[in-house]
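Please walk me through this structure, part by part. I would like to know what surrounds the ligand and how the domains meet.

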Amino acid sequence: MTTPLLEVTDLRTTFHTPRGDVAAVDGVSLSLAPGETLGIVGESGSGKSVLGRTLMGLITQGPTTTVTGSVKLAGQDVHAMTAKQRRTLWGPTVAMVFQDPMTSLNPVKKVGTHLTEALRLQLKLDRKAARERATELLRQVGIPEPARRLDQYPHELSGGMRQRVVIAMALACDPQLLIADEPTTALDVTVQKQILDLLAQLSQERQMAIILVSHDLGAVAGRTDRTQVMYAGRVVETSATAEVFGSPLHPYSDALLASIPQLDAAPHSRLRAIEGRPPNMASPPPGCRFAPRCARADDLCRTEMPQLRDPRPGGGAVPHTAACHLPLLDGRIPVGAPVTEEDH
Ligand code: SF4
């Protein structure tokens with residue numbers, strides 16, 4: 001069996017706010033093999049971005065934050081390391097691509113400076129070698145005339161080109177794991193597809209593991225090996241991507257899939273939405289956190305937190321777990337469908 005590149009056990013990231021403690025990530029466990037791609041999906045506020053930053057070691061224990069559980073990356077416990085030790089992981093072991101390229105790029109520094117600084121610091125390259133490597137990286141991420149782009153400022157590039165530069169920066173030290181946090185949200189639709197396809201292509205070419213964090217199910221479909229659905233800080237479903245999309249077990253995943261616009265839908269038909277709002281994370285409901293929005297909810301759902309398990313009788317060929325007392329075992333059932341005795 002392959003040794004996991006990333007192993008996360010019972011991770012909890014809690015922010016201490018004036019309104020109370022908020023467990024933005026609440027008991028997440030996952031494992032990722034070298035070269036594997038994982039999609040983490042959920043609505044805004046589901047904790048997926050906080051999870052990504054905690055895995056990277058950007059959110060750590062502090063006066064206003066408590067982090068418990070463990071994150072083992074390439075065999076090293078990220079949260080047991082000093083800040084200086086953690087910095088040695090950033091670049092060669094793990095790198096991150098953020099949502100808005102302009103927040104990752106300094107507007108008064110040229111593109112070349114962004115790239116060569118990291119290369120000279122981490123790989124100890126001299127000026128000439130760093131510039132050559134920077135040119136090659138820009139070429140690999142599909143930027144035309146890469147040598148000329150090195151002497152341009154970020155504002156001289158389009159949004160898509162800027163995000164390609166950010167991806168090139170993340171690739172500079174050949175990371176084993178790339179965490180892409182909503183990498184296409186700030187881009188228009190056609191550029192979104194190009195960037196997502198580029199990430200999938202780079203993952204294959206470099207045997208690089210990728211965690212793709214997105215609110216958009218379409219972004220992870222067909223581009224990731226596995227998908228993990230998050231709701232209110234917890235993982236509610238996880239399996240192979242085709243399995244989650246083809247046979248969702250959790251009503252929340254089912255509702256997310258049902259809210260994707262369908263090309264073959266009748267003209268002017270209404271888009272389906274998930275009624276209600278995610279819970280207040282300073283005082284979440286006691287049982288299933290999706291219960292206030294789930295028409296299948298019963299008394300057990302409202303009082304007892306469901307745990308991740310494979311509910312299929314006899315299991316299946318592919319591991320598939322969901323945290324639900326009344327999983328959708330007989331195909332997709334609309335969230336509003338009434339609960340019957342047989343469901344128990
Ligand atoms: Fe939660 Fe119950 Fe709905 Fe499952 S059926 S998602 S446990 S409320």
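**The ligand and the two domains**

Among the 13 residues around the ligand, those that come nearest are C288, C294, C301, C324 and H325; a residue is near a molecule if one of its heavy atoms lies within 4 Å of it. The shell around the ligand is made up of ten nonpolar, two polar and one charged residues. In this grouping Ala, Val, Leu, Ile, Met, Phe, Trp, Tyr, Cys and Pro count as nonpolar, Asp, Glu, Lys and Arg as charged, and the others, Gly among them, as polar.

This is a predicted model, in which local features need pLDDT of at least 70 and side-chain atom pairs count only at pLDDT 80 or more, while totals for chains, interfaces and linings use all residues. Residues are numbered from 1 along each chain as its sequence is written, and side-chain values use heavy atoms, with hydrogens and water left out.

The chain is divided into domain 1 (6-224) and domain 2 (250-262 + 271-322), with bounds that come from an automatic or database domain assignment. Their C-alpha centres lie 29 Å apart. Where the two meet, nine residues of domain 1 are in contact with ten residues of domain 2, contact meaning heavy atoms within 4.5 Å.

The size of an interface is often given as the accessible area lost when the parts come together. Domain 1 and domain 2 bury about 850 Å² between them, and 55% of this is on carbon and sulfur atoms; the value is the accessible area (1.4 Å probe) that the two parts lose on being put together, summed over both. On the domain 1 side, R19, E43 and L217 supply 52% of the area buried against domain 2, more than any other three residues.

Two salt bridges are found across the interface of domain 1 and domain 2, each defined as a side-chain nitrogen of Lys or Arg within 4 Å of a carboxyl oxygen of Asp or Glu. E43 also forms a salt bridge with R293, at 3.1 Å from N to O. The side of domain 1 that touches domain 2 has three nonpolar, two polar and four charged residues.

In the whole structure, a search finds 19 salt bridges. One of these joins the side chains of D26 and R12 (3.1 Å, N to O).
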